[in-house]
Amino acid sequence: MKITFFDALPHEEIFLSAKMPLEITPVFINTSLHSAAHIPENVLDSDIVSVFTPSLLNKEVLEKFYNLKFILLRSVGYSHVDMNYAKEKGIHVFNCPNYGDYTVAEYVFASLLALIRKIPQSNNALRTGNILLDKYIGIELFSKTMGVVGTGAIGSKVVKIAKGFSMDVIAYDINKNTDAEYVSLDELCKRADIISINTPLTADTLKMFDRNRINSLKKGVIIVNTARGEIIDTFALYDAILEKRVAYAALDVMECEDLLWQKPSHASGFSGIKDACLKNFLVANRLLKMDNVLITPHTAYDTKEATRRILEITLENINSCLNFDSGAKNQVLI
């Protein structure tokens, strides 16, 4: 069987090549797979395609691979895959669940603390010798109310860490699997001093934080989003920050983030939720210039431990393809 890895980094190629089953012929390509990408002719017969989140596997892309049987995602989320087309063609999709639960949960607080304690600004001030202590007055977490939206593998860890900071924790989720106080989303928005978004992107969570919901937030709220950018209406968030309804925002993900991260060719591969990419790009650049906004390039997952787990799970998924059955571990049920 032939497998082609897109978005392949050098350390991934070294690790996977050394442990690849003999029955598998690997090809590594360091660029992403999307509608505007050049796809070498010699990989179109691949039985397996493996990608990371920058790749966009819509119908136009997937139908080019005429032997495709499996898609191996080196990520948890699968919103960048046309799952309806995969189901129609009998293509089985595998993801990498739970590789970075603690990793992302820790990042929620890393970015939150850096933001509200103004760590980047004070560090820059020290480097330039222009120290004005009254400009770095921060906010403490003690006794604040943390609202956790989504208490799955990552969100449940956020709840635990928040309690370690002696915060009051409320949560919103259909599944009540933590010891947080569960409330409606409307109540959470009214009560929470800090909101951590940890829910996957689905039809139900798309624009969950639209203009109406953002306008209902407690004045002075802090928002942390390490889930998916499309869960928040960027324009509404920007306006709320200008109006000081939202005091701070830590965003590891953004709408149309592929465009923000200087990959504009990807934008044409999106449909529906990506129609306003250019406008989002302009607003995102304004957000980047604000001292009360911290934006990072989707790196909450990125630790040595987590990236190693991604590769180990990917190898498990390759073996599952070789010995496939419908109940295989890590298979995304379509």
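The largest share of the lining of the second largest pocket comes from β12, which supplies three residues, and I should say at once that we are looking at a predicted model. Strand β12 covers 293-295, and together with α4 (101-116), α5 (119-128) and α11 (277-288) it belongs to the elements that each give at least two residues to this lining. The pocket has a volume of about 170 Å³, and of the 13 residues that line it, Q121, M290, D291, V293 and L294 lie nearest its centre. If we sort that lining by class, we find nine nonpolar residues, one polar residue and three charged ones.

Let me stay with helix α5 for a moment, where we find L126 and also N123. L126 is exposed, at a relative accessible area of 59%, and with I131 and L133 it makes up a nonpolar patch on the surface, the three having about 340 Å² of accessible area together. N123, by comparison, is partly exposed, with a relative accessible area of 34%; from its C-alpha to that of A236 the distance in space is 31 Å, and 113 residues separate the two in sequence.

I turn now to the salt bridges, of which the structure holds 12. One of them joins D45 to K2, with 2.8 Å between the closest N and O atoms. This pair links distant parts of the chain, since K2 is in strand β1 (residues 2-5) while D45 is in the loop between β2 (25-28) and β3 (48-51), 43 residues apart. Is K2 buried or exposed? With a relative accessibility of 18%, K2 counts as buried, because the cut-off for that class is under 20%, whereas D45 is partly exposed at 26%.

A further salt bridge is formed by R213 and D186, where the closest N and O atoms are 3.3 Å apart. R213 belongs to helix α8 (residues 211-215) and D186 to helix α7 (residues 185-191), so this contact ties together parts that are 27 residues apart in sequence. Both partners are partly exposed, R213 with a relative accessible area of 21% and D186 with 44%.

K218 and D193 also meet through their side chains in a salt bridge, at 2.7 Å from N to O. Here K218 sits in the loop between α8 and β10 (221-225) and D193 in the loop between α7 and β9 (194-197), so the parts tied together are 25 residues apart in sequence. K218 counts as partly exposed at 33% relative accessibility, while D193 is buried at 18%. Finally, E181, E187 and R191 are joined into one network by salt bridges that share partners.

Technical notes: Residues numbered from 1 in each chain as written. Predicted model: local features only at pLDDT ≥ 70, side-chain atom pairs only at ≥ 80, totals over all residues. Heavy atoms only, no water. 1 Å grid on protein atoms, 1.4 Å probe; cavity = no way out; pocket = protein on both sides within 12 Å on 5 of 7 lines; lining within 4 Å. Points joined across faces, edges and corners; volume = space filled by probe spheres on them. Helix = DSSP H or I, 4+ residues; strand = E, 2+ residues; numbered from the N terminus. Nonpolar A, V, L, I, M, F, W, Y, C, P; charged D, E, K, R; others polar. Patch = residues over 30% accessible without salt bridge, like charges linked within 9 Å, V, L, I, M, F, W, Y side chains within 5 Å. Areas by Shrake-Rupley, 256 points an atom, 1.4 Å probe, with all protein chains shown as cover. Salt bridge = Lys/Arg side-chain N within 4 Å of Asp/Glu carboxyl O. Buried < 20%, exposed > 50% of the residue type's maximum accessible area, 1.4 Å probe, protein only.
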